[in-house]
Amino acid sequence: MDDISYPCGKAVIESVLPHRDPFVWVSRVLSCSPGESITAELEVAEDLPLFKGHFPNHPVLPGVIIMEALAQAASFCVLVERGAEGSVGFLTGIDKAKFRRQVLPGDTVRLDARIVKSSSRMCVAEVEASVGGALCASATQKYVLDTAPSAA
């Protein structure tokens, strides 16, 4: 998809990623150098149903959702470069994960990923999530791409 212009929103994101609501965790892509790096954002809606249970008196976005958002952003970067829109990327590893700041309802999370290794099926990315310039989470993530997803 050489015709993507940045920033782009949900329609373009859903034309590249296989995810759909309620599990799309990228609100917009600010910039992307396909196969190299991406900067995206996640708008954390205050009325997300998960906040009713995590935690009722102190709502916090779960770290696993932050990691998923980072994985989706990195996958967008790789899929666009390969022309493999709609392919499924499976998270196979998270190394050196650190969580440094809570993400709260109403926050806008910046998602940065740099692809450090990419082969025909395996990708590795260095990822960081931040809010207002403050680092929230970082990790090295690994993905396997299934370029021929089965029909459900």
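This is a short dialogue on reading the sheet, a helix and an aromatic pair in a predicted model.

Colleague: How do the strands of a sheet pair?

Modeller: Backbone hydrogen bonds link the strands of a sheet, and the pairing is either parallel or antiparallel. Here six strands make up an open sheet, and their pairing is antiparallel. Read across the sheet, the order is E1-E2-E4-E5-E6-E3.

Colleague: Which strands stand at the edges?

Modeller: Strand E1 (28-33) and strand E3 (88-99) do. Each has a single partner strand, so one side of each has no neighbour in the sheet. On average, neighbouring strands of this sheet are turned by 20 degrees against each other, direction ignored.

Colleague: How many bridges join E3 to strand E6?

Modeller: Nine bridges join E3 to E6 (residues 134-146), and the two run antiparallel. As one example, Ile 94 has Gln 141 in E6 as its bridge partner.

Colleague: Where does helix H2 lie?

Modeller: Helix H2 (residues 63-82) lies across E1, strand E2 (37-43), E3, strand E4 (108-118), strand E5 (122-131) and E6. Helix H2 runs at about 50 degrees to E6.

Colleague: What describes a pair of aromatic rings?

Modeller: The distance of the centres and the angle of the planes describe such a pair. The count here comes to one aromatic pair. Phe 23 and Trp 25 form that pair, with 5.7 Å centre to centre and 85 degrees between the planes. The pair is edge-to-face, because planes over 60 degrees apart count as such.

Colleague: Is Trp 25 buried or exposed?

Modeller: Trp 25 is buried, with a relative accessible area of 7%. Phe 23 is partly exposed, at 38%.

Notes:
Residues numbered from 1 in each chain as written. Predicted model: local features only at pLDDT ≥ 70, side-chain atom pairs only at ≥ 80, totals over all residues. Heavy atoms only, no water. Pairing = 2+ DSSP bridges. Helix = DSSP H or I, 4+ residues; strand = E, 2+ residues; numbered from the N terminus. Axes fitted to C-alpha atoms, helices over the stretch in contact; angles between N-to-C directions. Contact = heavy atoms within 4.5 Å. Phe/Tyr/Trp six-rings, centres within 6.5 Å; stacked < 30°, edge-to-face > 60°. Buried < 20%, exposed > 50% of the residue type's maximum accessible area, 1.4 Å probe, protein only.
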